[in-house]
Amino acid sequence: MQTHQAKRVEIIIEAPMENRLTDALTRAGVTGFTVLPVLGGSGRSGRWSREGQVGRAGMVAVICLIRPDRLDALLDAAFAVVERHIGVVSVTDTQVLRAERF
Amino acid sequence: MQTHQAKRVEIIIEAPMENRLTDALTRAGVTGFTVLPVLGGSGRSGRWSREGQVGRAGMVAVICLIRPDRLDALLDAAFAVVERHIGVVSVTDTQVLRAERF
Amino acid sequence: MQTHQAKRVEIIIEAPMENRLTDALTRAGVTGFTVLPVLGGSGRSGRWSREGQVGRAGMVAVICLIRPDRLDALLDAAFAVVERHIGVVSVTDTQVLRAERF
Amino acid sequence: MQDILTLAGANLLTPMILCFALGLAAALARSELTVPEAAAKALSIYLLFAIGFKGGASVADHGLDGNLIAALAAGVILSFALPFAAFALLKTLTRLSVTDAAAVAAHYGSISIVTFVTATSVLQSQGIAAEGYMVAVAAAMEAPAIISALFIVTRAGGRSEGMDAELWREILLNGSIVLLIGSFFIGFITGADGMARIESFIVSPFQGVLCLFLLDMGLVAGRGLRGARGVLTAGTLAFGILMPVIGAAAGLAAALALGLSPGGTALIMTLAASASYIAVPAAMRVALPEANPSIYLTLSLGVTFPFNLTLGIPAYVAVATALTGG
Amino acid sequence: MQDILTLAGANLLTPMILCFALGLAAALARSELTVPEAAAKALSIYLLFAIGFKGGASVADHGLDGNLIAALAAGVILSFALPFAAFALLKTLTRLSVTDAAAVAAHYGSISIVTFVTATSVLQSQGIAAEGYMVAVAAAMEAPAIISALFIVTRAGGRSEGMDAELWREILLNGSIVLLIGSFFIGFITGADGMARIESFIVSPFQGVLCLFLLDMGLVAGRGLRGARGVLTAGTLAFGILMPVIGAAAGLAAALALGLSPGGTALIMTLAASASYIAVPAAMRVALPEANPSIYLTLSLGVTFPFNLTLGIPAYVAVATALTGG
Amino acid sequence: MQDILTLAGANLLTPMILCFALGLAAALARSELTVPEAAAKALSIYLLFAIGFKGGASVADHGLDGNLIAALAAGVILSFALPFAAFALLKTLTRLSVTDAAAVAAHYGSISIVTFVTATSVLQSQGIAAEGYMVAVAAAMEAPAIISALFIVTRAGGRSEGMDAELWREILLNGSIVLLIGSFFIGFITGADGMARIESFIVSPFQGVLCLFLLDMGLVAGRGLRGARGVLTAGTLAFGILMPVIGAAAGLAAALALGLSPGGTALIMTLAASASYIAVPAAMRVALPEANPSIYLTLSLGVTFPFNLTLGIPAYVAVATALTGG
Ligand SMILES: Nc1ncnc2c1ncn2[C@@H]1O[C@H](COP(=O)(O)O)[C@@H](O)[C@H]1O
Ligand SMILES: Nc1ncnc2c1ncn2[C@@H]1O[C@H](COP(=O)(O)O)[C@@H](O)[C@H]1O
Ligand SMILES: Nc1ncnc2c1ncn2[C@@H]1O[C@H](COP(=O)(O)O)[C@@H](O)[C@H]1O
Ligand code: NA
Ligand code: NA
Ligand code: NA
């Protein structure tokens, strides 16, 4: 089956920043993304779990599949939001079906 | 540690289609997969979130790790199900432990 | 934007083993990871879904982004825990922003 | 008329309706107030169980009226027939594609169980009795409309995935049908004894639970409306308000033919006037994937549901009591 | 005998049992009816809290019977001993491997708190009193069986991960033990005063909540049975029905030795007859990962739980009242 | 003094407090007991709805006291002013950075609605009436403290993200403010009629629901404390206990100036003494991302919340009744 080169960007970010991130992505022309729930994690700011919080804001994972030439616009937009916040951003080479969708 | 070449296929699909997809995968001989919940997303059909729906069907992410030579069978089976539905499919090169499991 | 080579390790493991895994990772010096919920899946031990269980222990997905040179330590630690248990481990090449975090 | 307005006023100022309004306003103002999905589902399980059980217990109490079969048949016929009326109306009022119009039509032939529940609670607070088996009629009206819609699409040369056995099973055994019918039978079998055991769970807190559930419905409807400005043209809006009135009229005709009680008449009017937003949307995603979900969800949940809740139900109750001499 | 059958009939036609049957039937018919995980967990927290609190408040009311320590000891001994009986029976009736048989045996030495809760509600509806401290006995019976099972595996040269300190902690501080014992103490400390404050929360809606919880149990059991056809041989099935009877007999012997009341006798029989499906399965995944979960889950949840619910409990109650002159 | 101790004793041995203690102990012992997130959120929606509705219904009943506006103004001023006191105290007692200290200060100017709810339930069980509009005062006190904290940071040359329109909206329309004010209005509009409809949902089970909610709060607080040993120095601990006393004193002064009833006085003292752990933490993650969340969460939830629950509230009630001649 015909597949096309793409990038898979995974951004793990605090839940209160989710809307700010997706709005920034939309403004940067990135209109395709999927948000996954996160149960807990650990990083430089220590370990946390949804269960140790009252509002249980926690974190979410935002996944964007994107054409390689649009990657920089995406990363710039994302970085402006996550810069001062905890969280991680990773970029993986991938292949997608139905390139016309991206 | 010894690792083995494999493919990681990630299919984001509407929840009402989940069983049809996994049944099709099983028929195509793909018996290993994991289903993750999805909170929301955005694509050509606009933005949605679990919270904006009553039945809250939403979407799920299905992840299959598979031997490279079985990829085409998987993609054919998956594509037959997702073809007319919204959602995305991506394929990434990966390495797995314990190759005998795949 | 400047990115750095890294590995993305994804471990799908039974929920009752989650703490044992993350403790082992921490002992092996891996202090960055994220835990995602899993709804269901299928493998050599058959198909399962959260809904078919009472305690609904189920499984979780643990994702670690790590510098390539630390990969072996991570896999050794993870393997010691998952060895006799059901579940899968995959390793993907990736790029991360803000390398100082890893 | 005076009566209808007074009733409407009284109905508008109940905690239930105000909770719905609060949710709607909060969502439109983009408040982050949310009812967790699991909690909303749990509330709906409670409501379905309680309403089904009470229906069954009431049938056990009053004996099975010979009209049950006739009422079921009438419900099924209404559910089959209303999509054709809805489709014709949509073709007149809007420029929706055949697929989109047929998908919307399926929703209006089917029913909204929450609208039904709210109507029973209005009847109860006015002391108007209704046939206990109306919950069975509600369950019977969920599915037939889907078949009519697929027939409409096929007839018009449109492309539908059709109904495979799997989809049939999903529709006929969907959660609310099974729970409603199941708890109806449990109430019927255990009767007054069973009722005595669980009365303080399913009767006294009922209206309060309904309040919280309608709060969530308001939130969901509001979020849907926010994301669907493009969908709401004058034509679709007119449809969303006219169609329930047409449905209620058809329901009234059926009720008069059947000789139902005032309460039963109001309930069947409400069922016919209401539009599905759970079972049918899920079926449409499978059977008519090209139909745009935001059109049918906006209309059924964002327009018709609030209309029925606030103006429709009091009007149907008033008309039913006036015409059946209640 | 006549009595037992009448009682069984009465018990079978309660809303609780019918809700369980509804869930079972819905799952076997592959209906998509589901109770959200969080809601089911919330219901179980409610039931554990209510049953623990009521037990404690009743002890505060009636004073501590000298038998508490003896009853606790009896419970612990039963939990230690029953796995050996279960293992022997499994080796006779089935061809399960040592690991699988030992894992199953652990479940039958331990207890099902929902079975216990259902039994208390049957006793209550028949006006039979029981010692309030039986909830403490229930908690004490959760864990010992696990040790016996690991001992069996090790003795047979099988491989177990053994019990590290972490696993001990997890088992002894598992949610239901902590909640049951904790709310028992809260009920004991606050007594009649505390009860007056929260009675309308933990007493009146109790049976209704139990209905919804059993509906979910039926759904879960049915889903489990659907996926486990291979597991159910004649031998395992026979075990799943014989073992609770053996357990109940052992419980009866203990109760007679202790001189418990009719209600207490029925409860300890029920505990001994019931099999765990929450705490022990989780422990087995850690300690005996090679044991096949679908065997022990199918037996304890798919066979023994429904058996106890429908036939077992009424029989245990009838026998207990007959033999202790209740 | 004697009175205060007796009251404290009585308050400590209620099911509510003991449930909190159970949760705390379970979490500190690393039990896996958990209340699902969705269930905890559902319980809090219930509590907010019930308390808001009852407040509104009581205002509808007793008429609007001329003091409402004055009380709202007093609440807003307290919320603005207390962060400055808190910041000064922190700078004296601890070595926290400006950003961390300001973030903590914001929490103590704002309020904890669960502390407020517990106080109302203590008042009710002692038969002490309070102004129904205090729930509106509670809502008004949530946000102003955030502004003071950002002002403190900016003045000290620290870096804050500032308040964009989006953040304003999020804070002012946060779930608990909207639900509290909304249900207050619903209670006010529907009055005694509305109350009659949903009383058996929002009044009788209230204390029981509060028990389960406090169980979860204990679990969450305990988990937080476990992960935050480093945070708890003698200085921060002293702050966590001194600051609520200072807040309560400020609240008392305001209440005396306003001439509130004994109950109202106790409630405004409780509000001023309590510290936020939902709305303000979320706002701080956006506006002051460099502030360490475990400091402010540990202090407000791990130290001040238990202090108020156990010692604070009974003391505030005793002082309020003594000084306002209740
Ligand atoms: N190396 C990593 N791999 C995966 N997730 C990470 C990693 N580092 C941080 N995270 C996630 O990002 C959150 C915040 O990380 P940090 O900013 O390092 O405190 C953590 O709680 C994890 O959920
Ligand atoms: N480029 C993308 N990256 C990640 N997820 C996507 C992307 N495009 C679509 N999706 C997901 O697929 C769903 C349907 O997409 P679509 O078919 O484009 O409307 C969206 O709501 C997202 O959850
Ligand atoms: N090939 C695979 N791809 C993705 N997930 C898998 C795969 N194999 C197993 N899993 C996951 O691991 C669980 C246990 O697998 P197994 O040990 O093969 O029974 C399954 O239920 C899946 O969630
Ligand atoms: Na209809
Ligand atoms: Na047992
Ligand atoms: Na305060």
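**Exercise 1.** Find the backbone N or O atom of Gly32(A) that lies 3.5 Å from a nitrogen atom of ligand 2, then follow the ligand's other polar contacts (N or O pairs within 3.5 Å).

This is a predicted model; local features need pLDDT of at least 70, side-chain atom pairs need 80 or more, and totals for chains, interfaces and linings use all residues. Residues count from 1 along each chain as written, chains are lettered from A and ligands numbered from 1 in written order, and side-chain values use heavy atoms, without hydrogens or water.

*Solution.*
1. Start at Gly32(A): its backbone supplies the 3.5 Å pair.
2. Go to Thr34(A). An N or O atom of its side chain is 2.8 Å from a nitrogen atom of ligand 2.
3. Cross to chain B. A polar backbone atom of Arg44(B) lies 2.7 Å from an oxygen atom of ligand 2.
4. Check the cover. On its own, ligand 2 has 480 Å² of accessible area (Shrake-Rupley, 1.4 Å probe), and the protein covers 98% of that.

**Exercise 2.** Which way does each residue of strand E5(B) point, and which strands pair with E5(B)?

*Solution.*
1. Locate E5(B), residues 59-66 (strands are DSSP runs of at least two residues). Eight of its eight residues are buried (under 20% relative accessible area, 1.4 Å probe, protein chains only).
2. Sort the residues. Met59(B), Ala61(B), Ile63(B) and Leu65(B) point one way. Val60(B), Val62(B), Cys64(B) and Ile66(B) point the other way.
3. Take strand E1(B), residues 4-14. Eight bridges join E1(B) to E5(B), antiparallel (pairing needs at least two DSSP bridges).
4. Take strand E2(B), residues 33-37. E2(B) also runs antiparallel to E5(B), over four bridges.
5. Look at Ile63(B). It is the bridge partner of Glu10(B), and Thr34(B) has Ile63(B) as its bridge partner in E5(B) too.

Terms used: Buried < 20%, exposed > 50% of the residue type's maximum accessible area, 1.4 Å probe, protein only. Polar contact = N/O pair within 3.5 Å; in protein donor to acceptor, adjacent residues only side chain to side chain.
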